Amino acid sequence: MDTGSNEPKRRYRQYLEVVTGPLEDKKRWRQYKARVKQLPENYRTAVEALERYLMHFGPGDGADAASMFEDLADLFEQSAADGTPIREIFGEDPVEFVEAFVQNYAVGRYIRRERERFTSAIDRAAGEDTRKEDRSV
Amino acid sequence: MGKQATEMLKGTLEGIVLAILSGRAAYGYEITAWLREQGFSDIAEGTIYALLVRIEQRGLVDVEKVPSEKGPPRKVYSLNAQGREHLEEFWRTWSFLAERLEKLREGGK
């Protein structure tokens with residue numbers, strides 16, 4: 001039921017968001033960037049490198065990607081406050097950390113879905129089509 | 001810590017963290033610090049953080065935000081009923097593995 005006076009505004013925003021993506025996500029992204037700017041330089045350099053790497057996973061669901069970057073900001077703000085050395089945050093293999101981290105979000109799950117799709121394609125090719133989860137293919 | 005130990009640890013890290021949290025609530029940095037004290041020196045803070053995010057998403061822990069003197073509020077994690085169940089299952093799996101490996105070693109003598 002659309003009786004409220006904010007209806008035109010709401011609809012306008014709906015159209016706008018079709019073009020721009022949800023404004024709320026954009027706001028969260030800006031807030032994340034502002035938080036990163038406040039970090040000590042070496043922490044900021046590390047976060048920006050992470051950010052660049054994460055972008056290669058492709059766009060996740062907007063809200064989920066926003067949560068991912070907020071969680072990153074939490075980690076680095078806390079680490080900077082504790083004085084945790086960069087090397088201790090990342091360990092010897094930074095990729096390992098990133099892979100574990102990204103699995104928690106839709107961006108990472110996208111990769112996982114592709115892996116599953118690949119695995120079941122091989123199952124089929126091998127004549128071992130045991131799973132019935134191929135509706136989406 | 002040797003490379004082999006690091007590799008073996010990967011599969012058990014979740015159980016280890018759940019076990020730590022079964023004793024008392026803790027925040028991320030405390031968990032990493034404790035692990036280092038115990039000789040698990042190669043564990044990255046980020047890896048523990050990623051694990052904490054995961055077990056929170058899976059509902060194995062309760063999280064409370066506690067203000068801190070320096071930096072943002074800390075997330076304090078404590079094991080809940082579902083987490084305890086998960087931990088018990090981890091110990092059962094661990095016992096099974098340890099027993100099998102011991103048998104293998106004895107058989108190899």
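**Chain B of a predicted model: helix 1 and its surroundings**

Colleague: How do you know that the length of helix 1 (residues 3-23) of chain B agrees with what its 21 residues should span?

Modeller: In this predicted model, a rise of 1.5 Å a residue gives an expected span of 30 Å for the 21 residues of helix 1 of chain B, and because its end C-alpha atoms are 29 Å apart, the two values agree.

Colleague: Where is the kink in helix 1 of chain B centred?

Modeller: The kink is centred on B:Thr12 and amounts to about 60 degrees, a bend taken as the angle between axes fitted to the seven residues ending there and the seven starting there.

Colleague: What makes a residue of helix 1 of chain B count as buried, and which residues are they?

Modeller: A residue is called buried if 20 or more other C-beta atoms lie within 10 Å of its own, and in helix 1 of chain B the residues that meet this cut-off are B:Val17, B:Leu18 and B:Leu21. The elements that cover them include strand 1 (26-27), helix 2 (28-37), helix 3, strand 2 (61-66), strand 3 (74-79) and helix 4 (81-107) of chain B. Over the 109 residues of chain B, 23% count as buried.

Colleague: Which element gives the largest share of the side of chain B that touches chain A?

Modeller: The contact takes 16 residues from chain B and 19 residues from chain A, and on the chain B side the largest share, nine residues, comes from helix 3 (residues 45-57). That side divides into seven nonpolar, four polar and five charged residues.

Technical notes. Residues numbered from 1 in each chain as written. Chains lettered and ligands numbered in written order. Predicted model: local features only at pLDDT ≥ 70, side-chain atom pairs only at ≥ 80, totals over all residues. Contact = placed C-beta atoms within 7 Å. Helix = DSSP H or I, 4+ residues; strand = E, 2+ residues; numbered from the N terminus. Nonpolar A, V, L, I, M, F, W, Y, C, P; charged D, E, K, R; others polar. Expected span 1.5 Å × (residues − 1). Buried ≥ 20, exposed ≤ 12 C-beta atoms within 10 Å, placed from the backbone.
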